[in-house]
Protein chains: 2
Amino acid sequence: MASSEKEALKVAYGTENPKRIPAHQQVYFKLREQILFGELAPGQPVTIQGLVENLEAGMTPVREAIRRLTAEGALEFQGNRRVTVPTPTPSGIEELIYARQAIEPELVRRAAKIITADDIESLTKIDNELDAAITRGDVGAYLRHNYAFHAKLYAVAQSPILTEIADGLWLRFGPSLRVVCGRIGTQNLPDEHKETLQALSVGDGARAAEAIRQDVMQGMQQVKDSLNL
Amino acid sequence: MASSEKEALKVAYGTENPKRIPAHQQVYFKLREQILFGELAPGQPVTIQGLVENLEAGMTPVREAIRRLTAEGALEFQGNRRVTVPTPTPSGIEELIYARQAIEPELVRRAAKIITADDIESLTKIDNELDAAITRGDVGAYLRHNYAFHAKLYAVAQSPILTEIADGLWLRFGPSLRVVCGRIGTQNLPDEHKETLQALSVGDGARAAEAIRQDVMQGMQQVKDSLNL
DNA sequence: CACAAAAAGATTTGATCATATTCTGGCAGT
DNA sequence: ACTGCCAGAATATGATCAAATCTTTTTGTG
């Protein structure tokens with residue numbers, strides 16, 4: 001995600017000055033959230049008119065948001081003017097596994113070089129909230145905090161292109177993750193975050209990268225397994 | 001638009017069935033070509049109204065195409081509603097180098113497992129045309145055939161997600177590549193394609209992947225070097 | 001009086017909407 | 001099953017409104 005858009009996101013959620021945000025961006029962010037955190041299930045059709053009512057927006061902005069998310073792989077063009085949330089396939093998951101383990105550890109390596117104590121503190125805080133969500137079995141909160149942890153790492157890495165790619169990957173498996181959690185709950189979910197934080201705090205980028213790789217692989221493995229049920 | 005032009009478009013973009021192509025897709029493909037093959041220079045502003053006239057399309061389709069290309073990183077949101085072709089930065093190029101050498105060799109490994117003699121033949125044909133373009137110093141043809149070679153490899157690999165990512169990367173450095181060729185001509189350009197083809201024809205996926213990695217790295221290195229001039 | 005900063009106005013461009021048109025898929029009737 | 005028709009959804013247009021940039025004029029100061 002481009003940094004100017006991160007600004008827009010902040011504004012959209014009221015943490016910053018009241019600058020006007022174009023409707024098409026607001027729609028984009030809302031729809032993105034719904035996809036990432038599971039309001040929309042794999043295979044579910046997404047209609048323009050439905051969103052116009054649902055999000056109380058005009059037709060043109062909705063259209064633009066859909067095009068954008070389609071380009072990011074979060075939605076799928078069904079040929080006949082139809083758009084749906086993509087249904088995961090084993091080979092698709094394989095591709096995502098490769099891509100994530102190729103990209104995310106590199107982002108962590110980059111983050112490790114320039115991470116500050118403040119960053120580590122806020123990562124720790126996110127991870128604690130994540131633990132709390134797990135113990136109380138709150139799937140929605142788990143998904144949000146888990147993403148927040150990784151997203152914060154990306155932000156630290158200051159590598160906008162790799163971050164956009166990684167974010168794009170999240171959009172592709174987000175709906176599946178929700179399904180997995182619906183099946184197995186929040187127990188037994190991967191969490192190599194402690195190890196990652198430990199390594200980052202002593203400046204060991206290689207170990208941190210490997211820990212995240214483990215985290216990623218375990219999570220994707222569960223998605224893969226849940227497909228064969 | 002005259003129907004003969006629509007026909008031409010269908011042929012140009014390989015849509016066989018006689019279905020009508022939505023205007024927003026036509027605009028997308030046209031604009032994508034212009035970005036990939038250098039009609040648009042880095043830093044150049046892209047206006048909606050300009051494209052409406054230039055491509056003889058309506059406003060909504062142009063808008064949608066721009067959103068899509070922005071999502072793919074081919075265009076950049078300039079905060080104040082403005083959209084431009086991104087200007088390359090050294091750190092951006094570094095990111096692209098990492099991403100390409102992480103993704104493309106994997107695609108070649110996958111391609112190597114299932115490539116057919118026909119595929120190799122058509123790759124060879126493309127590479128010959130590429131050589132011809134180089135010897136006659138035809139930059140436009142070089143860019144097109146070079147892309148065609150890589151794109152054909154992606155197609156063989158049958159990995160749609162990794163292919164989309166790789167295509168996205170091309171869109172990001174395409175404009176820079178044009179600039180490089182404008183500076184140094186078509187001589188001294190990387191070409192490990194022969195080695196790749198050789199390895200593929202004997203089923204040596206690892207060697208083919210490494211050859212492509214070399215090709216990618218050499219090309220990106222030249223882009224990087226040309227930035228410091 | 002010269003110059004530059006600021007204000008006002010004009011113009012270009014983007015955002016959004018209402019509306020007309022085109023297409024798809026389902027359904028009725030054969 | 002097949003065919004033709006219809007409702008509803010998507011696509012596309014052009015008009016309208018709003019924002020940003022550029023241009024010109026005004027104003028203030030040394």
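## Around DNA strand C

Helix α4(B) is the largest contributor to the surface near DNA strand C, giving three residues. This is a predicted model, so let us take the protein–DNA contacts as the model places them. In total, 19 residues surround DNA strand C, and the closest of them are A23(A), T60(A), N80(A), R20(B) and R63(B). Sorted by class, the residues of this surface comprise five nonpolar, six polar and eight charged ones. On the DNA side, sugar or phosphate supplies 69% of the strand C atoms within 4 Å of the protein, and bases supply the rest.

A few polar pairs are worth finding on screen. In chain A, a backbone N or O atom of G58(A) sits 3.4 Å from a phosphate oxygen of DNA strand C. In chain B, a polar backbone atom of I48(B) is 3.0 Å from a phosphate oxygen of the strand, while Q49(B) uses a polar side-chain atom, 2.9 Å from a base nitrogen. The elements that give two or more residues to this surface are α2 (23–36) and α4 of chain A, along with α3 (48–54) and α4 of chain B.

## Around DNA strand D

DNA strand D is surrounded by 19 residues, with Q49(A), R63(A), A23(B), G58(B) and T60(B) the closest. Of the strand D atoms that come within 4 Å of the protein, 70% belong to sugar and phosphate. The surface near this strand holds seven nonpolar, six polar and six charged residues.

Here the side chains give some good places to look. An N or O atom in the side chain of R67(A) is 3.2 Å from a phosphate oxygen of DNA strand D, and one in the side chain of N80(B) is 3.1 Å from a phosphate oxygen. The side chain of T60(B) has an N or O atom 3.4 Å from a base oxygen of DNA strand D. Two or more residues of the surface near DNA strand D come from each of α3 (48–54) and α4 (59–71) in chain A, and from each of α2 (23–36) and α4 (59–71) in chain B.

## How the two chains are related

A turn of 180° with a shift of 0.0 Å along the axis lays chain A on chain B, with an RMSD of 0.1 Å. This is how a two-fold axis relates two copies. Turning to the interface, 97% of the interface residues of chain A are also interface residues in chain B, so the copies meet through the same surface.

## A buried arginine in α5(B)

Away from the DNA contacts listed above, have a look at R100(B), which belongs to helix α5 (residues 90–114) of chain B. R100(B) is buried, because its relative accessible area is 4%, and under 20% counts as buried. Beyond its neighbours within four places in sequence, R100(B) contacts P105(B), H150(B), L169(B), W170(B), F173(B), V216(B) and M220(B).

## One side of α9(B)

Helix α9 of chain B spans residues 193–201, and its buried residues are H193(B), T196(B), L197(B), A199(B) and L200(B). Because these residues cover an arc of only 165° around the axis, they lie on the same side of α9(B). What do the buried residues of α9(B) pack against? Their partners are α5, α6 (117–135), α7 (139–157) and α10 (205–227) of chain B. After α9(B) comes G203(B), with a positive phi near 75°.

Conventions. Residues numbered from 1 in each chain as written. Chains lettered and ligands numbered in written order. Predicted model: local features only at pLDDT ≥ 70, side-chain atom pairs only at ≥ 80, totals over all residues. Heavy atoms only, no water. Near = heavy atom within 4 Å. Polar contact = N/O pair within 3.5 Å; in protein donor to acceptor, adjacent residues only side chain to side chain. Helix = DSSP H or I, 4+ residues; strand = E, 2+ residues; numbered from the N terminus. Nonpolar A, V, L, I, M, F, W, Y, C, P; charged D, E, K, R; others polar. Buried < 20%, exposed > 50% of the residue type's maximum accessible area, 1.4 Å probe, protein only. Contact = heavy atoms within 4.5 Å. Least-squares fit on C-alpha atoms with pLDDT ≥ 70 in both. Arc of directions from axis to C-beta.
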